[in-house]
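I wanted to look up two things here, the surface charge and the strand order, and to keep short notes on each.

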Amino acid sequence: MVIESYDYESVVEIIKRINNLHFDFSYKLKPDLTCNLRQTIDKVADMTGANPDFQKLINLYKVELTQFAAELVDFSTEYSGVRYRVKQSESIGEKIRYYLSDQHENGKVPIIKSLNDLLGFRIFVQDVDLVHDELKNDTNIKVHIDRMYMRDRDGYIGLHIYFRNRNNKFFPWELQIWNVRHAELNENLHKEHKQKRKYTSLAKDYYQANLEKEG
């Protein structure tokens, strides 16, 4: 499979577009997004799963993301190398349990960090370190990014960017930027990483111009 690689100017355009999509989607749902995601995950869930109110919010969010498919298809058609996926219900539950474990102080982790990728995107570049350096020094793009960090661990290399539009009640979206030459290795390492953390949002779930379909 041929992987499309983006230059820096295109990366900036994609970041702006994702942030705008997040803004439009979130503000449409604003009346229903009443949960302060700065509170810790143990306040809304236990090892059996999310409490009824929070689960209702997650279900609503996923339904709305599915109905948002047309906008996402248009976006991925315009930028044909953009891949995206909606996080699976099983994966959300497993991720919640992971952040409730003793290695995370039994849930003393903000929801905004625990569930930061209900919608995830991925693109590829030739040199992710160079893109990272340029983004750090680009004052014009900072307003579009809530947080970014370079993950370089155990062979995996990827830049992770999060979009929240400065609102603690908006679920974040994630953009991963990978080097083309690391794509296959990253996918394998990403899969191993998710299996170790015992939730199932695997790299294979990133489809190009397709939302996941669940039964």
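I looked for charged patches and noted a negative one formed by Asp7, Glu9, Glu13, Asp127, Asp129, Glu134 and Asp152; patch residues have over 30% relative accessible area (Shrake-Rupley, 1.4 Å probe) and no salt bridge (Lys or Arg side-chain nitrogen within 4 Å of an Asp or Glu carboxyl oxygen), with like charges joined within 9 Å. I saw that α1 (8-29) and α6 (128-136) each supply at least two of these residues, while Asp7 is found in the segment before α1.

I note that the model is predicted, with local features needing pLDDT of at least 70 and side-chain atom pairs 80 or more, whereas totals use all residues. Residues are numbered from 1 along each chain, and side-chain values use heavy atoms, without hydrogens or water.

I then traced an open sheet of 5 strands (DSSP E runs of at least two residues, paired by at least two bridges) in the order β3-β4-β7-β6-β5, with mixed pairing. I found β3 (83-86) and β5 (147-153) at the edges, each with a single partner strand, so one side of each lacks a neighbour in the sheet.

Technical notes:
Helix = DSSP H or I, 4+ residues; strand = E, 2+ residues; numbered from the N terminus. Patch = residues over 30% accessible without salt bridge, like charges linked within 9 Å, V, L, I, M, F, W, Y side chains within 5 Å. Lys, Arg positive; Asp, Glu negative; His and termini not counted. Charge placed at Lys NZ, Arg CZ, Asp CG, Glu CD.
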